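Biologist: I should like a close look at a single part of this protein. Please describe one helix and the core to which it belongs.

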Amino acid sequence: MSAVNAQTSTKSPAEVQLLRSKVIRMKEEMEKWEKELVEYQAKGADLWTKSSALIETLSKSSRSPLFQADEENEKNLNTEKLLTMLKKVERMKYGMVAKMDIMLTSPIKNYIDEQIRPALEMEAHIKKLNKELDAVHKQLKKQKDPNKLRIYTEKMNSVNSQIEIAKINYVSGLEEIIDKNPYNFMNWLMGLMFAYLSFFRQGFSLLEEIEGDMRETTQSVLKEEIRKDDETEKKREDMLQLFEKEKKDKERHEKQGYIKWNGKNLWFVVSNGALSYFKSPADEVPRGTLNLLLCTVREDSEKKEGFDIISPS
């Protein structure tokens with residue numbers, strides 16, 4: 001991130017990478033489900049053996065921390081009970097092979113393609129914006145016309161803002177996937193279970209035993225989805241508000257630009273009584289910093305628009 005950017009994210013780079021790692025693991029796990037589902041539907045034989053393997057995979061995943069709800073809501077999800085009943089229903093599922101594509105395979109594939117992949121690809125978008133920032137910065141260094149300097153400075157600030165907003169959306173998107181994943185997982189299971197209820201009147205008496213739990217779980221999942229959506233939106237709004245506030249504070253209290261110093265064009269930032277200089281606006285660590293409160297600044301009579309900074313050290 002550029003040295004002049006506001007620090008808007010509450011997540012450190014290490015924390016963001018941890019979020020990304022969790023989402024990648026989710027994606028890999030879900031792709032494993034999808035692969036097994038496709039094989040199951042394609043072969044269409046030995047249904048009980050295949051369905052048992054599938055349910056075992058789902059059962060193991062449901063016990064993974066990645067797909068578990070918080071303790072407060074875990075008791076309302078009844079994941080193990082639903083999976084046990086699903087195994088019993090599978091014995092009668094000869095006519096439901098095609099339905100699995102509608103109820104499970106397609107939703108998982110769509111979720112990977114429409115939610116997880118775009119969230120992970122946001123990192124590439126941020127890298128692209130950083131390249132754009134470098135290109136604008138190179139153009140800025142070439143400009144001598146004050147109007148063009150102003151235009152490129154505004155463009156650089158605009159790209160910086162896009163980078164910060166993209167980072168906020170990136171972190172929020174990863175957090176949303178992780179937060180909602182247990183409930184997506186449960187929703188897919190519930191969709192498949194309700195398909196059985198609709199198409200297998202033969203097994204209705206079996207499913208009737210858990211219909212109340214199913215409806216209670218659906219309501220719990222819907223409530224939790226709404227709550228998680230509200231929390232995610234509030235986090236995003238808070239971070240955007242913080243970003244805008246810090247941006248305005250910096251614009252009000254900070255001055256920045258290129259200054260020729262000892263024959264070199266260096267990027268200077270004056271903020272909170274200190275003057276820091278960088279090789280370029282993209283640098284995060286300054287090459288040096290002067291405390292202006294301890295220095296004397298005077299005009300250089302020999303240089304047009306020049307000035308001297310006299311440091312006590």
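Modeller: The account below follows helix α1 and then its surroundings.

The model is predicted, so local features need pLDDT of at least 70 and side-chain atom pairs pLDDT 80 or more, whereas totals for chains, interfaces and linings use all residues. Residues are numbered from 1 along each chain as its sequence is written, and side-chain values use heavy atoms, with hydrogens and water left out.

The protein has 7 helices and 6 strands; these are DSSP runs numbered from the N terminus, helices being H or I of at least four residues and strands E of at least two. From the N terminus on, the order is α-α-α-α-α-α-α-β-β-β-β-β-β. Of its 313 residues, 39% are buried, meaning under 20% relative accessible area with a 1.4 Å probe and protein chains only.

Helix α1 comprises 31 residues, which at 1.5 Å a residue should span 45 Å; its end C-alpha atoms are 45 Å apart, so the two values agree. The expected span is 1.5 Å times one less than the number of residues. The buried residues of α1 are Val16, Leu19, Arg20, Val23, Met26, Lys27, Met30, Trp33, Glu34, Leu37 and Tyr40. An α-helix has 3.6 residues a turn, so residues three or four places apart point the same way.

Two of these residues merit individual attention. Leu37 lies in helix α1 and counts as buried because its relative accessibility is 0%. Leaving out residues up to four places away in sequence, Leu37 touches Leu54, Met100, Leu104, Thr105 and Ile108; contact means heavy atoms within 4.5 Å. Between Leu37 and Thr105, the C-alpha to C-alpha separation is 6.2 Å, although they are 68 residues apart in sequence.

Met30, with neighbours within four places in sequence set aside, is in contact with Ile108, Tyr111, Ile112, Ile116, Asn181 and Trp188. Met30 also belongs to the largest nonpolar core, which has 55 residues; Met30, Leu86, Ile108 and Met193 touch the most other members. Such a core is a set of buried Ala, Val, Leu, Ile, Met, Phe, Trp, Tyr and Cys residues joined through side-chain atoms within 4.5 Å. At least two core residues come from each of α1 (13–43), α2 (47–62), α4 (79–90), α5 (97–142), α6 (146–199), α7 (204–253) and β2 (264–271). The greatest contribution, 19 residues, is from α6. In soluble globular proteins, nonpolar side chains tend to be buried together.

Note on methods:
Buried means under 20% relative accessible area, exposed over 50%, partly exposed in between (1.4 Å probe, protein chains only).
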